Amino acid sequence: MESDVDATMLACVAFSCPNLQSLEISMADGAANRMAGDELTRFVSEKRSLSVLKLDGCGNLSFLNISSSSLSTLWLSDLSSLSKSVINCPNLNELSLGFTQQNNDSTDLISLMDGLGRTCSNLRNLHISSVHLSNDVVFALESANLRGLCMLSLILGSKITDAAVASIVRSHASLDLLDLSGSSITDNGLGMICKAFPCTLTRLLLALCPNITSCGIQVATAQLPLLQLMDCGKSLCVSSQPEAERSYFGEIFGGIKFCSKLPIQRKQQPNYQKLIIKHANLKKLSLWGCSALDALYVNCPELSDLNLNSCTNLHPERLLLQCPSLKDVHASGCRDMLIGAIRNQVLNEFTSIEPRVPCKRLADGSKRVQVPHFMLEQQFEEKWGGGSKRSQCTVHLS
C-alpha cells in the first residue's frame, strides 16, 4: 500500500471479498497502517473462511483480540505496547509477531506466551521478535506445553541465556529450525542444542550472538549431521571498544578501606579466531560481519551459498574453500586480496587436481619421455567424466 490503511479500506475489502481466504498488506515508505484493535477484531470474526492474514505496520493496535477457527497463519509486524494480547485460534499453525525495538514497549510477553498453550495448541511455527524477550518469557513458553513446535524463532532477546536454552530443550523434542539471533547464549548452550536435536535440526541461526566462539560453531556443525543452513553473522567480532575502566573497592576491615591500585590501561590485542567447517549436507553458510575471523577452512560438498560480507580480517592465505557445488559467494566489504583469493578458488575448481607428472617411463624403465599433451587431456577426461566444467559460481560484491 502506498496510501494509508484504515477502517474504511478494511470495510471495502470485507464487502468486496465475502469468501476471502488470504489477505496480505505490506506498507510502502510514507504510508501508515491506521487500523485499530477493535476494527481488526471485527474483520477477522466476520471472515469465516480467512486462513492467512499478514499485516505490516501494526503500531496502532493498542490491543490484540483475535478469535478464529479458520485462521492457520498470522503475521503481525511493528507491534508496540499491547495492553491486551489474546489469540484464540485453535487451528493456528504459524504465528509471527514482530515488535518495534523500543525500550518503552510495555507488552506483557509472559502472559502472551502462557496463553498460547490454551488457545493455539496446534501451533507448529512460532516467531517472536522483541528486545524484551528474556528467560522468563521462554520459561512461560515451556509452561504453555506446545509440544508440536517444529520451528522456533526468538530473536533480538539479549536477555536470553543458556538457562532459556535448557528450557527449550526440555520443552521441544523435534525442532527443525531454531533461531536465537541476538541472544546471549554461549558455547555451553550451543552444546545443549547439539545434544537435543541431532536427528531433526536442519536450520540453526545464531547471528548477533557475541558470546559464542568459533569452537562452539565447529562443534555444532560436527554434531548436527542434518544441518543445511547455518547463520553466525556478526557473532565472531573484534571489539573496537577499549576495556571499560573497572572500580576496585577492596574490603573494609575495622573502618579502614584498602583499595587495590588501578591497573594501567593497555590497548587490548584483537582476539582473532579460526574456523574449520567440514559437513556433508550443509547448503548455506553465513558468516557476514565476522571481523574476528582470520582463518577459514570450509569442506562442504553440498554448499551452494557462502556469505563472507565484511569479513575484514580474513587472510587470503588462510582461506581454503573445498566446495564444488558453490553457486554464490558474497564478499561485499572484503579486501581486494581476499576477493582475489576467493575468485581464484571458486572459479578455478579443477586447477589443483590436474595431473602433476607430465612424463612417462619407457617399457624397460631406462628412460623418461614427455607425455604428449593430448594424452594428458584424455587421462583428465577419463578421470573426471569427460564433460566436467569449471564451477559456475558467482562472486557478489554488492
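Guide: Two strands pair if DSSP finds at least two bridges between them; strands (E, at least two residues) and helices (H or I, at least four) are DSSP runs, numbered from the N terminus. This is a predicted model, in which local features need pLDDT of at least 70 and side-chain atom pairs count only at pLDDT 80 or more, while totals for chains, interfaces and linings use all residues. Residues are numbered from 1 along each chain as its sequence is written, and side-chain values use heavy atoms, without hydrogens and water.

Visitor: Which residue in strand 16 does glutamine 273 stand opposite?

Guide: Strand 14 covers 273-278, and six bridges join this strand to the parallel strand 16, residues 293-299. The residue in strand 16 that faces glutamine 273 is leucine 293.

Visitor: Which strands stand at the edges of the open three-stranded sheet?

Guide: The strand order is 14-16-18, with parallel pairing. Each edge strand has a single partner, so one side of each is left without a neighbour in the sheet. The edges are strand 14 and strand 18 (319-322).

Visitor: Which helix gives the largest share of the largest nonpolar core?

Guide: A nonpolar core is a set of buried Ala, Val, Leu, Ile, Met, Phe, Trp, Tyr and Cys residues joined through side-chain atoms within 4.5 Å. The largest one has 103 residues, of which Ile87, Leu126, Ile193 and Leu204 touch the most other members. The largest share, five residues, comes from helix 4.

Visitor: Which elements are included in the cover over the buried residues of helix 4?

Guide: The buried residues (under 20% relative accessible area with a 1.4 Å probe, protein chains only; over 50% is exposed, in between partly exposed) of helix 4 are Asn135, Val137, Val138, Ala140, Leu141 and Ala144. Contact means heavy atoms within 4.5 Å; Asn135 and Val138 are among the helix 4 residues that meet helix 5, where Ala163 and Ile168 are among the partners. The cover includes helix 3 (109-119), strand 7 (125-129), strand 8 (151-155) and helix 5.

Visitor: What phi does asparagine 145 take?

Guide: Asparagine 145 comes just after helix 4, which spans residues 135-144. Its phi is positive, at about 60°.

Visitor: Is serine 129 buried or exposed?

Guide: Serine 129 lies in strand 7. Leaving out residues up to four places away in sequence, serine 129 touches Leu97, Gly98, Phe99, Ile155 and Leu156. Its relative accessibility is 9%, so serine 129 counts as buried.
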